[in-house]
Amino acid sequence: MKTSAMDSVERLPAENDHDQATARPPVRAAGGEPSLSLAGLDFFMVDIQAKRLVWMEPQALDFEQIAGLNEASLSSALRNLAQNDQKQILNLIQHTVKHGSAGPVELGGDDLGNGLSLIATRYQAEGGRTFVVAVAGSDLEEEGTGTAVRGVAPLIRHLVEGSERAVLVVDSFGYLRYANQALFDLFQIPDASLCIGRNIAHIPNRVGKTLTSVVLTTLARRAPVEGNKRFFLASGDSMTLKYDMIPFRVSAGLGGVVFSAERINECAIDFQQIFNMVHAPLLVVDLRSRMLVASNNAARKTFAITEQMMEAAPITETMLHPRTLVTLVDHARKGSTTPTQATVSGFDGVTRSKRLRASLLDGGRTQYLLIESKH
């Protein structure tokens, strides 16, 4: 085998876990290339001359909608793996190019859940092209039917996407596969792209050391955990959360843990009562549907609002002219605190001139407009 073929396997730069400026990109790079995930991996193939890697992404943990056959440059495909896993895979490829076969190579291991064993074989194609095919070891036990259960990712996403509880999914190798917006808000994480696809052991400065510790401990013990705990944030602040960790296993070599948490409401106050105690009329509008989704007692009394009327039609067909709503949204996005003079049609048939002040509320999947009517 020519040395040039083996030398064409490029070396990747070491991961700097403490430098925010050199953070790796999210699961998909700017060019749209996916990245390899070891959990559930069955095989991959490397085109040595083209420096391209092809692999099958399992459906069960497909939060990025890249299930199926994927292809990327070698450096891009391996970018989110731990540095040691990168080195072992590159060494496996190099030894296979040189000797014709190599392995098994053990990745992960029992400390982080189900490990992965890879063996590789060289294939020489016509025209002098060299391919390396690596296959996951088949000595792991199969499920009862021999087929892995599919659909874990869409099920979790459906259940928790808009949940008020913070939810995080980490695969059996410790890589962050998914987190909902509530988790980013709760843990004060400004940029999700610096976390998703990364190993949680390498980013405690971004997600907080307590979250990293409880996730890795649960992966090692493979037992559910629940309770109250003080979590330290990346900002240096801390808070007490009620949390639970649920390990799951889809098939041999494919699993992880689901972390969910919420604040402990020690005062047990119904915040709807506070909403209703505000003397100024308050309205909450879903900007996606333009439906009036909430109103306090003052607004219901002033504008004769009922639940049935709120559900009847968008607010632009009942209380506000469409141009008025657009103006309020523009003021809210600019952060303006100056009330805007507008005409409001009550459900009692009375049209009133009001000074309205608007603010935007981020609800994750949609935005809400909080409208305050000034006297």
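## Selected sites and one helix in a predicted model

Arg-206 lies in helix α6. Because its relative accessible area is 8%, below the 20% limit for burial, Arg-206 counts as buried. From there, its side chain reaches the backbone oxygen of Leu-194, at a distance of 3.2 Å. The model described here is predicted, not experimental.

**The protein as a whole**

The chain folds into 11 helices and 16 strands. Of its 375 residues, 46% are buried. The accessible surface is about 19,000 Å², and carbon and sulfur atoms account for 50% of that surface. When contacts between residues at least 6 apart in sequence are considered, 52% of them join residues at least 24 apart.

**Individual residues**

Four residues are set side by side in the table, each with its place in the fold and its relative accessibility.

| Residue | Place | Relative accessibility | Class |
|---|---|---|---|
| Ser-35 | loop between α1 and β1 | 3% | buried |
| Gln-188 | loop between α5 and α6 | 43% | partly exposed |
| Arg-206 | helix α6 | 8% | buried |
| Ala-298 | helix α9 | 16% | buried |

Ser-35 sits in the loop that runs between α1 (3-7) and β1 (43-47). Its side chain makes a polar contact of 3.2 Å with the side chain of Asn-80.

Gln-188 is also a loop residue, placed between α5 (181-186) and α6 (204-207). Why is Gln-188 classed as partly exposed? Its relative accessibility is 43%, and the class covers values between 20% and 50%, so Gln-188 belongs there. Apart from neighbours within four places in sequence, Gln-188 is in contact with Leu-233, Ser-235 and Asp-237. With Ser-235 there is a polar contact between side chains, at 3.5 Å. Leu-233 is 45 residues away from Gln-188 along the sequence, yet the two C-alpha atoms are 7.6 Å apart.

Ala-298 belongs to helix α9, which covers residues 297-303. Its relative accessibility of 16% is under the 20% limit, so Ala-298 is counted as buried. Outside the four places on either side in sequence, its contacts are Val-278, His-279, Ala-280 and Pro-281. For one of these, Ala-280, the separation along the chain is 18 residues and the C-alpha distance to Ala-298 is 6.2 Å.

**Helix α11**

Helix α11 has 12 residues, 322-333. With a rise of 1.5 Å a residue, the expected span is 16 Å; the end C-alpha atoms are 17 Å apart, so the two values agree.

Which residues of α11 are buried? They are Thr-324, Leu-325, Leu-328, Val-329 and Ala-332. Viewed down the helix axis, these buried residues fall within an arc of 135 degrees, and therefore line one face of α11. What do the buried residues of α11 pack against? Their partners are the strands β14 (340-345), β15 (351-362) and β16 (367-374). On the other side of the helix, Arg-323 and Arg-333 are exposed. After α11 comes Gly-335, which has a positive phi, near 75 degrees.

How values were computed: Residues numbered from 1 in each chain as written. Predicted model: local features only at pLDDT ≥ 70, side-chain atom pairs only at ≥ 80, totals over all residues. Heavy atoms only, no water. Helix = DSSP H or I, 4+ residues; strand = E, 2+ residues; numbered from the N terminus. Buried < 20%, exposed > 50% of the residue type's maximum accessible area, 1.4 Å probe, protein only. Contact = heavy atoms within 4.5 Å. Polar contact = N/O pair within 3.5 Å; in protein donor to acceptor, adjacent residues only side chain to side chain. Expected span 1.5 Å × (residues − 1). Arc of directions from axis to C-beta. Areas by Shrake-Rupley, 256 points an atom, 1.4 Å probe, with all protein chains shown as cover.
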